[in-house]
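Trainee: Could we go through this structure together? I would like to begin with the strands and then turn to the helices and the chain contact.

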Amino acid sequence: MSASPILTVTGAVHAYGDKTVLQGVDLTLAPGEIYALLGPNGAGKTTLIKTICGRLRPDGGAIRLNGQDPARIASARAVLGLVPQEIALYAHLTVSENLAAFASLALMPRKTVPAAVERAMALTRTTDRAHVPVRHLSGGYQRRANIAAAIVHQPALLILDEPTVGVDIDARAALDTVIRDLRDLGVAVLLTTHDLEQAGGLADRVGFLREGRMALEGPPRALLADAFGARMEVMVQLAEAPNASGEGSLVAEGLSPSVHRPDLWTRLDVDGYAAAGRLDKALRKAGLTPREIRVREPSLQNLFSLVAERKLAA
Amino acid sequence: MIRLEMTLAMVKVMALELWRDRAALVMTFLLPPLVFLIFSSVFAGATGEDIQPKLAVADLAKTQTSGRVAAALLASSEIRAEAVAPATLEAVRARVKSGQADAGLVIRTDPAVPGRPFLIIADPGRAVAAPLAQARVQQALARAAPDAALRRSVDQLTPALGTLTATQSARIEAAAAALKARPPAVTGGDLFDREDLAGARKGGAVIAYYAAAVLILFALFSAMQGALGLMDERRSGVADRLLAGVAGMGPVVTGKFVFLVGQGVVQAIAIFATAQIVYGVAVLDHLALWLPTTLATAVCAAGLALGLVSVCRTREQAQMLSTFVILVLAAIGGSMVPRFLMPAWLQTVGWFTPHAWVIEAYQGVLWRDAGLSQVYKAWGVLSVAGLAGLALAQTLARLSRR
């Protein structure tokens, strides 16, 4: 991170009445970097985004976009492009009409608008749908047009709020490509998402926000290495959910239940493959029937769980 | 300059959104002239002279004179009279009560002899029919039985003049016989001459009234629909996107205002062009004052709509509030019922609605040939109301950054 940061958040504090939502958040983002902001609902992600966009003035600390306060200086927000979670476009207008409108509303001189529209469509691969009304586009194209409208004025910082909600795998892959292309062009990308797989695959750095504090931050691989070392995740899927006695056996083997799937249990082990063999025998001996035992590298999901359960501190 | 381009960008967005929404397009520009045509068709003929009430007639007297009066009524083109069968008082009452006739006439005694020969059966729900029927019966008596009318007049005068001499009686009889032989043309009485206002077309005042009433009704309604876009922008995230930008929502509100003013002007053109073409309302002759009146009306509708929508939190809330406000204002302000038919207190309350000012201004310009000094106040009230709504919408848009 050699270039000077486009975004600097220093000790940001914000409260709604008695409830303090941000409790001293620090965050920096350099050009050409993708940062995934993670955290459970209510962690303060939306409030942090609003302060970065200048919509909320923090009660303490400072937000700077290119060194300027976005809440006080409107022109500071010129470097910012926001992609809301919803399809924030005019449904009856075509893609190019939408982009031209948002370019004008971003104070772009009229002469520069057509070229900017073409560029944004090319970057998001929506040129072939330039003259199609947004309401007639597929979900994937709508998402890409949604991004195009945020980059048409060529912002240095792009904020994406849950960009992959409700999109299929192909559409998500296409979106990831667009985001990487933007990063390669030097755009700083701040991404909030619940899709940890996407965050792990895309982000140069991730930050876990918990109760208004940055609980953990860093490059995903480094964070995973720090948290898990050489351990692998061993995941056991049972033929059926275990009874109380079965659960006792699983816990005795060091396995933890999945939150939403009573038939899924996991543990971390340095020698994952050997552990898988041992577990299979032990569980069968205890009267349990593993349908599948998988061994894989720990993911951000594992890390996220540790952070959420306060088993890991910054 | 750049701010202007932002405003124009928003105007273009709204124009394209409307143009591509065919249902909204019809509602905005086709429905108002259509409703105006229906209203004006109903009310332009309701100036009194053209009303032809349906009259159920029963001749109980069955004298020569009563027969002539009944026949004259049945033949009259000014009233739709029909003889009831059987010719009884009850039959006439039944016709009126059932709504088959607007009023009833029973000729109880010979109209030529002293007394009250005629009984009018009136339905209070159609009160206007009774006096109209009464007037037509008097006309029929004067036309078909002028001799009987003369004799009734003489009978009324006799107590004051004293008993007539034989010579006088003979002259009256001769005059009656002459009248019976050659009834005079009856034009409406000897008391009145009539002068119609120069250049005034029958029903013109009513046409101007309803053109204005329908315009403000639909201008407000359409402006509300357009202003609801603010809610859609909040819901779809467009507002979030714009609020994260340099300009915020200010140019969006201004752009919507400019578009809605333009939309109101086009609606006015559609309605008043119809009034000019179909009814000959002299809009083009009064263009100099019509234009500012139209602009003030459109500014008022656009500003009020944006202000009203801005104070709401959800689209549903805005829709409910706007429907409520539009209907109540229209009812009080005279868009549904002519204001002169309202009680005095309600007419006074009406001045708190834009409708009353709009109607008054257009009627002044198009019907009373009012000058600037008579309409400037309406322009002022309408413009100030609209600009106040715009200011409220702008203020709330700024606050919505949070």
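Mentor: Certainly. Please keep in mind that this is a predicted model. A good starting point is strand β6 (residues 157-161) of chain A, which runs parallel to strand β7 (residues 188-192) of chain A and is joined to it by five bridges.

Trainee: Which residue of β7(A) is the bridge partner of Leu158(A)?

Mentor: Leu158(A) has Val189(A) as its bridge partner.

Trainee: And what is the strand order in the sheet?

Mentor: The order is β5-β6-β7-β3-β8-β9 in chain A, an open sheet of six strands with mixed pairing. β5 (80-83) and β9 (213-218) of chain A each have a single partner strand, so they stand at the edges and one side of each lacks a neighbour in the sheet. From one strand to the next, the twist averages 20 degrees.

Trainee: Which strands does helix α1 of chain A lie across?

Mentor: Helix α1 (residues 45-52) of chain A lies across β3 (34-38), β6, β7 and β8 (205-210) of that chain, and its direction is at about 150 degrees to β6(A). Helix α10 (residues 300-308) of chain A also belongs in this picture, since α10 lies across β3, β8 and β9 of chain A. Its angle to β8(A) is about 30 degrees.

Trainee: Changing topic to chain B: at what angle do α8 and α11 pack?

Mentor: Helix α8 (residues 204-227) and helix α11 (residues 250-279) of chain B pack at about 155 degrees, and their axes are 9 Å apart.

Trainee: Why are they described as roughly antiparallel?

Mentor: The angle between α8(B) and α11(B) is about 155 degrees. Angles over 145 degrees count as roughly antiparallel, and the description of α8(B) and α11(B) therefore follows. Their crossing is right-handed.

Trainee: Which residues make that contact?

Mentor: On α8(B) they include Ile207(B), Val214(B), Leu215(B) and Phe218(B), and on α11(B) they include Phe259(B), Leu260(B), Ile271(B) and Phe272(B). By class, the contact of α8(B) with α11(B) comprises 15 nonpolar, five polar and one charged residues.

Trainee: Finally, how many residues of chain B are in contact with chain A?

Mentor: There are 24 residues of chain B in contact with 27 residues of chain A. On the chain B side, α1 (2-20) and α10 (238-243) each supply at least two residues.

Trainee: Which of the elements gives the most?

Mentor: α1(B) does, with nine residues. The chain B side that touches chain A divides into 12 nonpolar, three polar and nine charged residues.

Conventions
Residues numbered from 1 in each chain as written. Chains lettered and ligands numbered in written order. Predicted model: local features only at pLDDT ≥ 70, side-chain atom pairs only at ≥ 80, totals over all residues. Pairing = 2+ DSSP bridges. Helix = DSSP H or I, 4+ residues; strand = E, 2+ residues; numbered from the N terminus. Axes fitted to C-alpha atoms, helices over the stretch in contact; angles between N-to-C directions. Contact = placed C-beta atoms within 7 Å. Parallel < 35°, antiparallel > 145°, perpendicular 65-115°, else oblique. Left-handed = near helix turned anticlockwise from the far one by under 90°. Nonpolar A, V, L, I, M, F, W, Y, C, P; charged D, E, K, R; others polar.
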